[in-house]
Amino acid sequence: MNDRAGRRRARRMAIGTAVVLALAGMNGPWLYRFGSEKYHQYKIDKQEYKAENGRWEIVDFPEKYRQNTIHAALLHTGKVLLVAGSGNDQDNFDAKQYDTRVWDPVKGTVKKVPTPTDLFCTGHTQLANGNLLIAGGTKRYEKLKGDVTKAGGLMVVHNENPDEPITLPAGTRFTGKENGKTFVSKDPVLVPRAKKNFDKETGEFLGNTPGYGRTYVEAQKEGAKHQTGTQDNYTVQGLSGEDARNTYGIAEKLALDKKDFQGIDDAFEFDPVAEKYIKVDPMKEARWYPTLTTLSDGKILSVSGLDDIGQLVPGKNEIYDPETKKWTYTDKVRQFPTYPALFLMQNDKIFYSGANAGYGPDDVGRDPGIWDVETNKFTKVPGMSDADMLETANTVLLPPAQDEKYMVIGGGGVGESPKASEKTRIVDLKADSPRFEDGPSMDKGTRYPQASILPDDNVLISGGSEDYRGRGDSDILEARIYDTAKNELRRVADPLVGRNYHAGSILLPDGRLMFFGSDPLYGDKANTKPGEFEQRIEIYTPPYLYGENPQPELAGGPQTIEHGESGTFTSKDAASIEKVRLIRPSASTHVTDIDQRSVALDFETDGDKLTVTVPESRNVVQAGWYMLFAVTADGTPSKAQWVQVP
């Protein structure tokens, strides 16, 4: 190199150094972040880190298959049903564009499935035959105050005729006796006949109790002048004679207030093999945000939800019989907020954790307790901390299910409250006097935490937000594993995507977890920019799949095992198996997953044979399809074998 070239090179280096130093002075944090991000990526890619903390990755869905997933369920084919309905998008609703996808996480394929109606905010649960029962959904989107142009609300129609019911068609007009204003019904309404009352001892006739029906009505014209201020009696136009005398309406204030979502009564079974919806008899009640809970006899209890006029269903619960495909009311009335967390107990009763997804009075049906559906007796369970922050909390039946211990995680205040709880609370329902005790706390108050049972008896708790629907850019990019044996939370790898409202998680047959959805109200810290629905799906691979030992093999064996019976599988790793778990596939939405449970199985090994025995109790093992995992002493699970327990 000659002197001139050397001087040029030295000058370029000096200029370059000066530029870098100048940039460092102006953009030090940027350079730091750039270096930090590279180092962080290097760190999380290291095998030792993954073996301790696990790893997150985003699934690359083709754009044409993306949707606003609200509900997800693992099917016994190993595929995942992803249901959006209208996806909390009124434009989709108005266009009757309802979406469903079936995703194969092994092959990576995605299939669009025709969706019969708006299954946005439906309820769902696994059935014994492997179908998924889906019931309820959306009839009308909410209208916020300011968007409502016609005064309207609930009209209760009374029928005092003890001999005949009466049906009023959509478009029936009701005119107030005092206010003189006329309102028009949006739907037909059937009003049952009046009930005759007699003295039980003397037989003396005491009078009639009117039958009543409910319908949503609106003013004929737009504007505030058509509102009413107080309750009034309404005559029904178009009736004459006895019908006119026996039939009338009563309504409270009919105004331009916010109008809540309205539900539908449609019900379907999704067939995982045919990959299609099959219509069954509708529910007795329309429901938006209902909970479906499987009972010991395989029938399904449907509870709560907003009805076809946007009112909370007034405690009228019903049961679906998968044999007849029909619904019947329960004998007694009990009201809960929407999406109540209701679980079948080993004594046939129902445990209500107090967790729910929102709608409903703040002083009705909020207390956790044990519900005897047959007698309608409800026994409160005391000790719940942050008892006024159970909306958007998660509830999980801790593994193994036989221990009957539940954890309630996080939650927030009623409605759009900014309050959130960092608590976990644990209750042992086998105790002589069950009582909630605080478990380990999270770092932050957390609404919408996701919780998934793992085959090694631990629970992954991830995501959520500190405020209602992630307001103030408050998504929590943290994940923890709850160690059930040590009663400890351990921080693991951070998720890549924030998850708040309309998000969920599901355990896959290979031991990984999938996360879907998230529907932030705003997209910035100042709460000025509308949020965008999170369409990306994320996979978490737990630490147990990065250990030194590979997953134990598990093959062969029967596809069906009866309650109390045994089945033999083949595994060259049989001698290293420490526990066997039967895990019911998830059906997740709105921080509610009633289905997931992990049952401990007794087992014996003989050479490469692993013989497992299913418990006799149908309350511990509800009829249906399950994932069977064999787990080694270091906590590494096999890939699951699918087993049906009829």
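What is the volume of the largest pocket? The largest pocket holds about 990 Å³, and the tour below reaches its lining after a view of the whole chain.

The model is predicted, so local features require pLDDT of at least 70 and side-chain atom pairs pLDDT 80 or more, whereas totals for chains, interfaces and linings use all residues. Residues are numbered from 1 along each chain as its sequence is written, and side-chain values use heavy atoms, with hydrogens and water left out.

**Whole chain**

Display the C-alpha trace, which spans about 115 × 75 × 45 Å along its principal axes. The radius of gyration is 29 Å, which agrees with the value near 26 Å for a compact globule of 646 residues; it is taken over C-alpha atoms, and the globule rule is 2.2 Å times the number of residues to the power 0.38. Colouring by secondary structure shows four helices and 47 strands. These are DSSP runs numbered from the N terminus, with helices (H or I) of at least four residues and strands (E) of at least two. Of the 646 residues, 54% count as buried, where buried means under 20% relative accessible area, exposed over 50% and partly exposed in between (1.4 Å probe, protein chains only).

**Largest pocket**

Select Asn 88, Glu 142, Phe 261, Tyr 468 and Arg 469, the closest to the centre among the 43 lining residues. A pocket is an open set of points on a 1 Å grid over the protein atoms alone, where a 1.4 Å probe fits, with protein on both sides within 12 Å along at least five of seven lines; lining residues have an atom within 4 Å of a point. Points are joined across faces, edges and corners, and the volume is the space filled by probe spheres set on them. The lining divides into 18 nonpolar, twelve polar and 13 charged residues; Ala, Val, Leu, Ile, Met, Phe, Trp, Tyr, Cys and Pro count as nonpolar, Asp, Glu, Lys and Arg as charged, and the others, Gly among them, as polar.

Stay on Arg 469, in the loop between strand S35 (459–462) and strand S36 (479–483). Arg 469 has a positive phi of about 50° although it is not a glycine, and at 12% relative accessibility it counts as buried.

**Aromatic cluster**

Phe 261 also belongs to one aromatic cluster with Phe 93, Phe 120, Tyr 141, Trp 288, Tyr 289, Tyr 339 and Tyr 359. Rings of Phe, Tyr and Trp (its six-membered ring) pair if their centres lie within 6.5 Å; planes under 30 degrees apart count as stacked, over 60 as edge-to-face and the rest as tilted. The count by this rule is 25 aromatic pairs. Among them, Trp 288 and Tyr 289 are stacked, at 4.1 Å centre to centre and 15° between the planes. Both Trp 288 and Tyr 289 are buried. Add Tyr 339, which forms a tilted pair with Tyr 289 at 4.6 Å and 35°. The two residues are 50 apart in the chain, Tyr 289 between strands S21 (276–280) and S22 (291–294), Tyr 339 between strands S25 (326–333) and S26 (342–344).

**Second largest pocket**

Move to Leu 190, Gly 213, Arg 214, Glu 285 and Lys 316, the nearest to the centre of 24 lining residues. This pocket contains about 710 Å³ of space. Strand S16 gives the largest share of its lining, five residues.

**Cis peptide**

Finally, select Pro 399 and Pro 400: the peptide bond between them is cis, with omega near -10°. Pro 400 lies in the loop between strand S30 (394–397) and strand S31 (405–409).
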